[in-house]
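Biologist: I am new to this structure and would like a close look at a single part of it, namely the aromatic rings. Could you take me through how they pair and how they sit with respect to the surface?

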Amino acid sequence: MTRPSTSGRIEVICGCMYSGKTEELIRRMRQVDIARQPFRIFTPRRDTRYGIHQITSHIGTRLEAYPIDSIVEIPDYLDDAVQVVAIDELHFLIDDADQIAAMCQQLADRKVRVIVAGLDQDFRAQPFLAMAHLLALAEQVTKLYAICVRCGAYATRSQRLINGQPAPAAAPVIAVGGLDMYEARCRACYEHPQ
Ligand code: ADP
Ligand code: ZN
């Protein structure tokens with residue numbers, strides 16, 4: 001089967017935890033499926049919160065996905081028919097920002113629609129570099145918001161908690177967890193880790 005002459009592109013879905021990134025990715029991929037466009041979804045193996053062969057939003061919607069550690073594994077799963085490649089939780093991949101950007105660019109140049117979802121900031125409110133890089137390169141950027149659990153304003157930051165207190169700045173950047181470990185907070189309610 002040959003691929004129709006759609007143009008390749010990079011779409012980025014970003015925001016803090018619970019902002020609905022995975023829900024939005026699943027929504028777009030359901031449309032792709034209905035349109036019968038061949039697709040592949042990838043999810044970092046490090047994201048062990050749910051079954052490793054699927055992506056699951058916090059409200060439980062899910063789709064099948066291939067677990068990978070590195071973005072360089074993606075071409076192994078593709079054939080010429082694949083039109084859409086989705087990557088959830090991009091910030092969990094082991095690669096550096098340049099490698100991730102290079103692979104996404106290469107796929108988009110080969111007319112693949114590349115959709116990535118991930119955190120734009122870590123728990124210290126610093127950019128995840130791979131996401132920051134892709135945000136600059138993407139054709140389309142969607143920034144989503146959660147609701148601040150303290151005041152109800154739009155939340156843009158993910159507060160990591162240990163026993164209910166902000167995690168220290170020296171804690172590792174990657175720590176997989178859910179509602180017990182992270183809260184969505186706005187700029188005013190976010191407490192900078194010390
Ligand atoms: P993400 O991939 O951005 O972490 P998901 O798509 O997995 O987000 O889940 C989004 C869902 O999380 C929302 O639809 C809502 O049901 C739930 N949720 C939990 N806490 C919050 C919050 N503080 N603000 C908004 N949604 C929340
Ligand atoms: Zn707030």
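Modeller: What follows is a walk through the aromatic pairs, one after another. Please keep in mind that this is a predicted model, and that the structure holds four aromatic pairs, of which I will describe two in detail.

In one of them, the rings of Tyr-66 and Tyr-77 have their centres 4.8 Å apart, and because their planes stand at 50°, the pair counts as tilted. Tyr-66 belongs to strand S5 (residues 66–68), whereas Tyr-77 sits in the loop between S5 and strand S6 (84–87), so the pair ties together parts that are 11 residues apart in sequence. Tyr-66 is partly exposed, with a relative accessible area of 33%, and Tyr-77, at 28% relative accessibility, is partly exposed too. These two tyrosines do not stand alone, since ring pairs link Phe-42, Tyr-66 and Tyr-77 into a cluster.

Another pair is formed by Tyr-145 and Tyr-154, whose ring centres lie 5.4 Å apart and whose planes are at 40°, so this pair is tilted as well. Here Tyr-145 is partly exposed at 41% relative accessibility, while Tyr-154 counts as exposed at 60%, because the word exposed is kept for values over 50%.

Finally, one aromatic ring has a charged neighbour: Arg-160 lies over the face of Phe-123, at 3.9 Å from the ring centre.

Note on methods. Residues are numbered from 1 along each chain as its sequence is written. Chains are lettered from A and ligands numbered from 1 in the order in which they are written. This is a predicted model: local features need pLDDT of at least 70, side-chain atom pairs count only at pLDDT 80 or more; totals for chains, interfaces and linings use all residues. Side-chain values use heavy atoms; hydrogens and water are left out. Rings of Phe, Tyr and Trp (its six-membered ring) pair if their centres lie within 6.5 Å; planes under 30 degrees apart count as stacked, over 60 as edge-to-face and the rest as tilted. Helices (H or I, at least four residues) and strands (E, at least two) are DSSP runs, numbered from the N terminus. Buried means under 20% relative accessible area, exposed over 50%, partly exposed in between (1.4 Å probe, protein chains only). A charge sits over a ring if NZ of Lys or CZ of Arg is within 6 Å of the ring centre and within 35 degrees of the ring normal.
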